[in-house]
Amino acid sequence: MNKKIDEIKNRAEGEIKNCADLKSLEDIKIKYLGRKGELNQILRSLGDLSLEEKKVIGPKAQSLRNELDVLIENKKNEFLSKKSRNSLDVTRPGKKIKIGHLHPLTIIENEIIDIFRSMSFSIIDGGPEVETEYYNFDALNIPKNHPAREMHDTFWLQDNQKQLTHDTKQLTESQRSKVKGQKLLLRTHTSPMQIRYMETHKPPFQIVVPGRVFRYEATDASHEINFNQIECLMVGKDVNLTNFKYIIQEFFTRLFKKKLEVRLRPSYFPFVEPGLEIDIQCVKCGGKGCNICKESGWLEIMGAGMVHPNVLKAGGYDPREYQGFAFGLGCERVAMLKYNIPDIRMFYSGDLKFINQF
Ligand code: PHE
């Protein structure tokens with residue numbers, strides 16, 4: 001019997017040691033320690049033994065039982081910890097965390113602003129999107145019945161008076177007298193900010209004002225009813241077109257990250273004299289001619305000019321003492337050129353397949 005126990009001990013220890021998985025470990029446990037297991041059979045047959053033998057065999061079988069129990073439990077833990085270690089596979093590629101990102105128009109606006117800031121321009125925030133007829137037109141030298149008003153198809157507001165009482169609370173007395181009885185509209189350009197800024201600041205200064213503008217017109221690949229402009233205004237005693245040309249040439253070169261020639265063409269805007277249309281060398285072909293520039297080598301990029309004396313007067317300045325330049329740049333236009341976007345309507349489409357490319 002003694003020998004039998006030693007033999008079980010050797011065999012069981014070997015089997016436990018070499019056992020390959022949890023399932024076979026469970027089988028080993030049943031085989032040796034189960035109700036009908038080998039050790040129980042020995043313990044059950046103790047009755048047939050002499051007292052002397054019982055005293056030796058009983059405790060010996062019992063302690064083997066405990067010993068095997070511990071061995072099996074340890075082996076089991078070994079398997080379990082190996083399993084959990086395997087489930088943490090440190091070589092596995094990580095899950096990509098989805099984070100938000102900026103809209104292409106915001107990216108462009110930030111870039112434009114950064115460049116102007118680095119050239120010592122102040123960035124002026126906002127201005128009202130609901131504007132009065134006075135600031136959007138009259139003060140900018142576009143009197144009523146002037147044909148130039150037709151260049152700006154306007155969203156007029158119906159509920160004028162209600163809006164005005166709300167609006168005028170924040171105005172100074174002189175501003176209030178200017179807007180009294182005014183018709184309201186969604187601003188058609190950011191140029192009204194030229195007047196608003198001049199009213200409250202003294203020259204010299206150089207500012208850029210980003211803002212959202214609205215036009216009541218049919219939409220197509222290059223027209224939207226709402227879009228974004230950056231208005232620029234620089235006023236001083238001797239600010240001239242040479243300063244203007246240098247600044248925009250530097251600006252476009254930095255924005256498109258290549259040396260770009262700038263071309264000034266005569267144009268007409270009532271609030272500037274002379275009025276200019278600004279072209280830049282085609283950003284795609286560099287001037288050779290391609291589909292983007294319609295083989296001309298040039299891209300029309302923005303309107304500009306020297307601030308009209310009437311506008312300076314409306315801003316409270318003496319046009320014999322001060323002069324300046326202004327321009328209005330369309331953010332969508334710039335983004336479309338820079339990112340090769342074919343249709344302006346994509347910006348507000350909410351289409352993630354488009355948005356997620358930026
Ligand atoms: N406000 C003009 C527009 O929206 C652009 C412009 C701004 C032209 C300043 C000249 C000077 O079309």
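This briefing covers helix packing, salt bridges and backbone features of one structure. The model is predicted. It holds 22 salt bridges, and two of its peptide bonds described below are cis, one ending at Pro204 and one at Pro274. Helix α12 comes up under several topics, through its buried residues, its salt bridge to α5 and the residue that follows the helix.

**Packing of α1 and α2**

- Helix α1 covers residues 2-18 and helix α2 covers residues 22-33; their axes lie 10 Å apart, at an angle of about 165°.
- Angles over 145 degrees count as roughly antiparallel, and α1 and α2 are therefore roughly antiparallel to each other.
- The crossing of α1 past α2 is left-handed.
- On the α1 side, the contact is made by Ile8, Arg11, Ala12, Glu15 and Ile16, which meet Leu25, Ile28, Lys31 and Tyr32 of α2.
- By type, the residues of this contact are six nonpolar and three charged, with no polar ones.

**Helix α12 and its surroundings**

- Helix α12 runs over residues 331-339, and its buried residues include Cys331, Glu332, Val334, Ala335, Met336 and Leu337.
- Among the elements that cover these buried residues are the helices α5 (104-118) and α10 (241-255).
- The strands β5 (226-236), β8 (298-307) and β9 (323-330) also take part in the cover.
- Lys338 of α12 is partly exposed, with a relative accessible area of 25%.

**Salt bridges**

- Lys338 pairs with Glu111 in a salt bridge, with 2.6 Å between the closest N and O atoms.
- Because Lys338 belongs to α12 and Glu111 to α5, this pair ties together parts that are 227 residues apart in sequence.
- Glu111 is partly exposed, at a relative accessible area of 23%.
- Lys75 and Glu78 form another salt bridge, with an N to O distance of 3.7 Å.
- Both Lys75 and Glu78 sit in helix α4 (residues 51-87), three residues apart, which is about one turn of the helix.
- Lys75 is buried, with a relative accessible area of 12%, whereas Glu78 is partly exposed at 42%.
- In helix α5, Asp114 and Arg117 are three residues apart, again about one turn of the helix, and their side chains form a salt bridge of 3.4 Å, N to O.
- Asp114 is partly exposed, with a relative accessible area of 45%, and Arg117 is partly exposed at 48%.
- Glu133, Asp138, Lys144 and Arg149 are joined into one network by salt bridges that share partners.

**Cis peptide bonds**

- The bond between Pro203 and Pro204 is cis, with omega about 5°.
- Pro204 lies in the loop between α9 (192-200) and β4 (205-214).
- The bond from Glu273 to Pro274 is also cis, and its omega is near 0°.
- Pro274 lies within a strand, β7 (residues 272-281).

**Positive phi outside glycine**

- Lys257 is not a glycine, yet its phi is positive, at about 55°.
- The loop that holds Lys257 runs between α10 and β6 (262-267).
- Lys257 is exposed, with a relative accessible area of 66%.
- Asn340, a residue other than glycine, has a positive phi near 60°.
- Asn340 follows α12 and belongs to the loop between α12 and α13 (352-355).
- Asn340 is exposed, with a relative accessible area of 52%.

Technical notes: Residues numbered from 1 in each chain as written. Predicted model: local features only at pLDDT ≥ 70, side-chain atom pairs only at ≥ 80, totals over all residues. Heavy atoms only, no water. Axes fitted to C-alpha atoms, helices over the stretch in contact; angles between N-to-C directions. Helix = DSSP H or I, 4+ residues; strand = E, 2+ residues; numbered from the N terminus. Parallel < 35°, antiparallel > 145°, perpendicular 65-115°, else oblique. Left-handed = near helix turned anticlockwise from the far one by under 90°. Contact = heavy atoms within 4.5 Å. Nonpolar A, V, L, I, M, F, W, Y, C, P; charged D, E, K, R; others polar. Buried < 20%, exposed > 50% of the residue type's maximum accessible area, 1.4 Å probe, protein only. Salt bridge = Lys/Arg side-chain N within 4 Å of Asp/Glu carboxyl O.
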